[in-house]
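Could you take a look at this one with me? Here are some notes to read alongside the structure.

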Amino acid sequence: MRMSGVRQAVLRLFRGGQAGRRRPLSTSSRCRGVMPAWVIDKYGTNEVLRFTENIGFPAIMYPNEVIVKVCAAGLNPIDVAMRGGYGAATLSVKRDPLNINQLSSEFPLVLGRDVSGVIMERGLDVNIFTEGDEVSRKPKSLSHREAASIPYVATTAWSALVNTGGLGKDNCANKRILILGGSGGVGTFSIQMLKAWGAHVTVTCSQNAEGFVRELGADHVVDYTAGPVEEPLSCLDKFDLILDNIGGDTERWALNLLKPWCGAKYVTLVTPFLQNTDRLGVADGMMKTAATVATKVIKHLVRGVHYRWGFFAPSGLALDEVCEMVDAGQIRAVVEETFTFPQVPQAFEKVEKGHARGKTVVQISEGEDS
């Protein structure tokens with residue numbers, strides 16, 4: 001998603017297919033104009049968000065890129081954090097890995113990563129999509145507003161539970177899974193996917209979210225506002241996997257809830273990786289990160305449990321699987337609130353307050369399905 005676009009707005013969404021050499025010029029005849037967007041000119045609080053009608057129209061610079069007309073965009077907590085500069089060092093390298101624009105600033109910067117829309121143009125190496133296709137892997141049963149709530153949380157949950165946790169539809173039956181922080185975007189998606197695969201799912205959330213997560217399929221719910229949440233959790237049977245969306249001091253007690261010497265895993269999505277690279281630089285930050293995770297892995301391995309970090313990882317194959325599950329009725333989009341394009345600052349404020357019940361979405365293109 002990028003927070004840009006009304007009617008004719010488009011984005012460079014993702015890079016798919018084989019990497020190719022850089023084009024000196026875009027083949028697009030439409031890439032010489034401008035478009036409306038919400039940008040930031042410096043890192044800071046919500047006041048740094050600025051609306052402009054003159055952001056440069058994106059151009060296809062590599063043969064494995066596409067340009068997408070955005071219909072709706074999902075907002076995530078990481079977008080709020082990035083508004084304040086979180087991950088700036090690493091993401092600047094990702095945006096310009098060859099350091100081509102050595103003298104240019106990253107500003108004005110358009111935030112975002114979650115999108116549902118329609119492909120307008122494609123690079124020469126893009127064969128699996130064509131102009132007019134709906135992305136990101138949009139399920140046929142969903143509107144663009146609903147579909148925009150899925151890609152980031154789906155690929156994050158898939159990366160943590162499948163790639164890192166080793167779970168899947170063929171081995172998940174009757175596994176005991178604990179989700180710490182189950183009412184947000186990743187949590188609500190994970191509940192549904194795990195239940196579709198036959199797992200027993202325990203969730204922590206506030207009391208007023210209990211009915212909500214049970215409706216999504218949670219088997220057991222623990223209210224974290226009623227006191228130290230580790231106490232009621234320690235009275236339950238031990239778990240095969242814990243997905244931690246909370247962080248903080250949960251590592252101090254959560255791994256004690258795992259089945260020892262049975263391959264049980266603790267996977268946390270709250271890691272210091274980007275904080276380390278912001279503070280120490282990319283190279284030193286990565287070394288610090290590697291040393292930290294290695295120490296923790298060894299510490300817990302001798303106790304018979306596995307400690308892992310989980311990260312967002314884009315995956316077309318994962319989105320294909322998720323698309324099938326959505327269209328089969330196994331997973332539904334959970335949209336808590338929808339904002340219009342002029343209301344992007346209010347959408348950021350909503351996400352920044354926390355205590356989510358699903359996803360916050362911005363409807364961008366006028367006249368699109370709701």
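**Notes on the predicted model**

1. Let's begin with the empty space inside. This is a predicted model, and the count comes to three cavities of 30 Å³ or more. The largest cavity holds about 60 Å³ of space.

2. What lines that largest cavity? Going along the chain, you'll meet Ser149, Ile150 and Val153, then Gly185, Thr188, Phe189 and Gln192, and finally Arg332, Ala333, Val334 and Lys359. Helix H5 (residues 185-196) gives the most to this lining, with four residues. By character, the lining of the largest cavity splits into five nonpolar, four polar and two charged residues.

3. Next, helix H10. It runs over residues 282-301, which makes 20 residues, and spans 28 Å from its first C-alpha to its last, close to the 28 Å expected at 1.5 Å a residue. Which of its residues are buried? In H10, Gly285, Thr289, Thr292 and His300 are. Looking down the axis of H10, you'd find the buried residues within an arc of 70°, so they line one face of the helix. As background, an α-helix has 3.6 residues a turn, so residues three or four places apart point the same way.

4. Turn H10 around and you come to Ala283, Met287, Thr295 and Ile298, which are exposed on the other side. As for the buried residues of H10, what covers them includes helix H9 (273-280) and strand E12 (306-309).

5. Two peptide bonds are worth a look on screen. The one from Phe107 to Pro108 is cis, with omega near -5°. Pro108 sits in the loop between helix H2 (88-95) and strand E5 (114-122). Val135 and Ser136 are also joined by a cis peptide bond, and there omega is about 0°. You'll find Ser136 in the loop between strand E6 (134-135) and helix H3 (144-147).

6. Now for some backbone angles. Trp261 has phi near 60°, a positive value in a residue other than glycine. Where is Trp261 found? Look in the loop between helix H8 (250-254) and strand E11 (265-268). Trp261 is exposed, with a relative accessible area of 64%.

7. His355 also belongs on the list: its phi is near 55°, again a positive value in a residue other than glycine. This residue, His355, lies in the loop between helix H12 (344-352) and strand E14 (359-363). Is His355 buried or exposed? His355 is exposed, at a relative accessible area of 58%.

Methods
Residues are numbered from 1 along each chain as its sequence is written. This is a predicted model: local features need pLDDT of at least 70, side-chain atom pairs count only at pLDDT 80 or more; totals for chains, interfaces and linings use all residues. Side-chain values use heavy atoms; hydrogens and water are left out. Helices (H or I, at least four residues) and strands (E, at least two) are DSSP runs, numbered from the N terminus. The expected span of a helix is 1.5 Å times one less than its number of residues. Buried means under 20% relative accessible area, exposed over 50%, partly exposed in between (1.4 Å probe, protein chains only). The arc is that of the directions from the helix axis to the C-beta atoms. Contact means heavy atoms within 4.5 Å. On a 1 Å grid over the protein atoms alone, a cavity is a set of points where a 1.4 Å probe fits but cannot get out, and a pocket is an open set with protein on both sides within 12 Å along at least five of seven lines; lining residues have an atom within 4 Å of a point. Grid points are joined across faces, edges and corners, and a volume is the space filled by probe spheres set on the points. Ala, Val, Leu, Ile, Met, Phe, Trp, Tyr, Cys and Pro count as nonpolar, Asp, Glu, Lys and Arg as charged, and the others, Gly among them, as polar.
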